[in-house]
Amino acid sequence: EEDERSRLLGELGKSDAVDGAEVSLRTNSEVTFMGLVTSRRANYRGEKVIVSSIAVPSEDVGAESARHQLAIRDVITGLYNRSYFSRVARHEFERARRYGRTLCVGVIELGPEGETLAAELLQALADICLDCVRENDVLARHTANELVVLLPETEIAGAKVVMQRMRFEVQHAGFSNDVKGLESRAGVSEVLTEDDSVNDVIGRAKQALVDSRDSGNDAVLVL
């Protein structure tokens, strides 16, 4: 529907993504039905585009379950999206502080700095990184080419090993004759007693990534 299209474009004008928006859709044969749309602004080969996916939940597959998955997943990579990661991260931070448990955050930047990766390549890299984490870890797309992973019950040394493995797998992946592997940078941090929120941990991990990039250091840095 035209008004629904205008509403979605308006929301995309305020932010870079719309996750699981319920909209009214219409076919060429004028059949109207409800669906869930997830859209994200992206750059593809130098052109600004909008990448969208549409799901039509039915009672057979469970409308509520379908809507929930669309609301928490990134449309390009299939990983968790930033908003869902933030909710889980806050919960895990409070649990770690309350019960004295270990919690680490790792951040990895994929590809050359400032270059937007094609959607197909980014999805393939996300799958590689997903294979490097445990079932109870939470891997999400944080920014355009940046993934973040929440590592509960993990010491800093173990978290560093996870990020090192991610970098190794990304750099040694073979996608085609033209793309044999990509550079990446990574940083990692753990919850400290003086932290006020999980954003402090994420901030240090991102700063470690920046320090790695600026120094040309090939190692995963810890802050």
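This report looks at two helices, α3 and α6, and at a buried glutamate, Glu 146, in a predicted model.

Let's start with the helices side by side.

| Helix | Residues | Length | First to last C-alpha | Expected at 1.5 Å a residue |
|---|---|---|---|---|
| α3 | 82-99 | 18 residues | 25 Å | 26 Å |
| α6 | 198-215 | 18 residues | 26 Å | 26 Å |

In α6, the buried set is Val 198, Val 201, Ile 202, Arg 204, Ala 205, Ala 208, Leu 209 and Ser 212. These residues span an arc of only 160° around the axis, so they sit on the same side of α6. The other side of α6 has Asn 199, Asp 214 and Ser 215, which are exposed. As for what lies over the buried residues of α6, the cover includes α3, β4 (103-110), β5 (138-143), β6, β7 (184-190) and β8 (221-222). Right after α6 comes Gly 216, with a positive phi of about 70°.

Now for α3. Its buried residues are Tyr 84, Phe 85, Val 88, Ala 89, Glu 92, Phe 93 and Ala 96. They take up an arc of only 160° around the axis, which puts them on the same side of α3. His 91 and Arg 98 are exposed on the other side of α3. Gly 100 follows α3, and its phi is positive too, near 65°.

Back to the glutamate. Glu 146 belongs to strand β6 (residues 146-152). With a relative accessible area of 8%, Glu 146 falls under the 20% cut-off and therefore counts as buried. Leaving aside residues up to four places away in sequence, Glu 146 touches Val 107, Ile 108, Glu 109, Ala 140, Arg 141, Lys 206 and Leu 209. One of those contacts, Leu 209, is also among the buried residues of α6.

Methods
Residues numbered from 1 in each chain as written. Predicted model: local features only at pLDDT ≥ 70, side-chain atom pairs only at ≥ 80, totals over all residues. Heavy atoms only, no water. Helix = DSSP H or I, 4+ residues; strand = E, 2+ residues; numbered from the N terminus. Buried < 20%, exposed > 50% of the residue type's maximum accessible area, 1.4 Å probe, protein only. Contact = heavy atoms within 4.5 Å. Expected span 1.5 Å × (residues − 1). Arc of directions from axis to C-beta.
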